[in-house]
Amino acid sequence: MNHIEILTQRYENLKCCEADIKKACDMIIKAFESGNKLLICGNGGSCSDAYHIAGELMKGFLKMRPLSDEEKAEMKNREPSLSDDTLSKLQKGLPTVVLSDLVALNTAFANDVDPNLMFAQQLFGLGKEGDVLLGISTSGNAKNVAEAVKLAKAMGIKVIGLTGGKGGILKEFSDVSIVVPECETFKVQELHLPVYHAICASAEEYFFKA
């Protein structure tokens with residue numbers, strides 16, 4: 001099933017983004033396949049979108065993603081007290097980190113150092129070469145997202161921008177930029193959701209065939 005083609009059939013106005021959505025999806029899949037992770041940052045509604053994406057990737061989205069019998073047996077062998085019930089309910093995840101998660105760190109850094117660098121600081125501590133940073137900004141000009149994106153480039157971390165309007169600063173510094181064809185914040189966000197759902201579904205389809 002090609003989730004990106006289905007996306008552009010349902011949302012014809014996103015046809016202009018199809019190639020970039022595919023590139024972003026391939027970049028994320030390559031990172032996961034190499035043992036790396038996806039890091040995400042955004043503010044307000046974009047922060048909520050970041051958590052939504054993590055929720056779809058870190059557990060079953062369209063598929064249940066159960067452990068295989070071999071994986072269950074190996075884990076049971078390592079720790080016999082781990083119950084069959086637990087092993088039957090766990091779902092495989094694709095490693096995703098939202099850079100708003102460490103609230104104490106972010107608020108301390110914003111207060112003590114610079115609020116525009118709070119995502120950058122967390123990225124600096126958690127990111128590594130080969131990871132992917134997804135920066136979400138409806139205008140493309142969120143300063144704290146832009147600073148994280150610039151740092152990512154310096155660290156050898158690939159950057160995907162998810163934005164609207166003309167793409168802003170985020171478009172300039174992203175390796176792949178998905179600029180949905182809307183300008184008003186809520187309309188941009190309405191198009192971001194089906195875009196990242198298609199990406200999450202595509203990644204899940206790639207790694208979890210059954």
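The exercises below, each with a worked solution, concern a predicted model of a protein structure.

**Exercise 1. A salt bridge across the chain**

Task: Find out how far apart along the chain aspartate 131 and lysine 37 lie, and decide whether each of them is buried or exposed.

Solution: Begin with the contact itself, which is a salt bridge between aspartate 131 and lysine 37, with the closest N and O atoms 2.8 Å apart. Next, place the two residues: aspartate 131 sits in the loop between H7 and strand E3 (132-136), whereas lysine 37 sits in the loop between helix H2 (18-33) and strand E1 (38-41), so that the pair links distant parts of the chain, 94 residues apart. For the last step, recall that buried means under 20% relative accessible area. Aspartate 131 has 0% relative accessibility and therefore counts as buried, and lysine 37, with a relative accessible area of 16%, is buried as well.

**Exercise 2. Two further salt bridges**

Task: Work out where the partners of the pair aspartate 85 and lysine 89 lie, and do likewise for aspartate 175 and lysine 153.

Solution: Take first the salt bridge of aspartate 85 with lysine 89, in which the closest N and O atoms are 3.1 Å apart. Both residues belong to helix H5 (residues 84-89), and because they are four residues apart, about one helical turn separates them. Aspartate 85, at 44% relative accessibility, counts as partly exposed, while lysine 89, at 57%, passes the limit of over 50% and therefore counts as exposed.

Turn now to aspartate 175 and lysine 153, whose side chains meet in a salt bridge of 2.9 Å, taken from N to O. Aspartate 175 lies in the loop between helix H9 (168-173) and strand E5 (176-179), and lysine 153 lies in helix H8 (residues 143-154), so this pair ties together parts that are 22 residues apart in sequence. Aspartate 175 is partly exposed at 35% relative accessibility, and lysine 153 is partly exposed with a relative accessible area of 38%. To complete the picture, the whole structure holds twelve salt bridges, and Lys15, Glu18 and Lys22 are linked in a network of such bridges.

**Exercise 3. How helices cross**

Task: Describe how H7 is arranged with respect to H6, and then with respect to H8.

Solution: Two packed helices are described by the angle between their axes and by the distance between those axes. For H6 and helix H7 (residues 118-126), the axes come within 9 Å and cross at roughly 125 degrees. This angle makes H6 oblique to H7, and H6 passes H7 in a right-handed crossing. For H7 and H8, the axes come within 7 Å and cross at roughly 30 degrees. Angles under 35 degrees count as roughly parallel, and H7 and H8 are therefore roughly parallel to each other. The crossing of H7 and H8 is right-handed.

**Exercise 4. A surface patch and an exposed residue**

Task: Name the residues that make a nonpolar surface patch, and state where aspartate 112 is placed.

Solution: The patch, of about 220 Å², is made by Leu102, Leu105 and Leu126. Of these residues, leucine 102 is found in the loop between strand E2 (96-98) and helix H6 (103-112), and with a relative accessible area of 42% it is partly exposed. Aspartate 112 has its place in helix H6, and at 59% relative accessibility it counts as exposed. Finally, the C-alpha atoms of aspartate 112 and cysteine 47 are separated by 22 Å, the two residues being 65 residues apart along the chain.

Conventions
Residues numbered from 1 in each chain as written. Predicted model: local features only at pLDDT ≥ 70, side-chain atom pairs only at ≥ 80, totals over all residues. Heavy atoms only, no water. Patch = residues over 30% accessible without salt bridge, like charges linked within 9 Å, V, L, I, M, F, W, Y side chains within 5 Å. Areas by Shrake-Rupley, 256 points an atom, 1.4 Å probe, with all protein chains shown as cover. Salt bridge = Lys/Arg side-chain N within 4 Å of Asp/Glu carboxyl O. Buried < 20%, exposed > 50% of the residue type's maximum accessible area, 1.4 Å probe, protein only. Axes fitted to C-alpha atoms, helices over the stretch in contact; angles between N-to-C directions. Parallel < 35°, antiparallel > 145°, perpendicular 65-115°, else oblique. Left-handed = near helix turned anticlockwise from the far one by under 90°.
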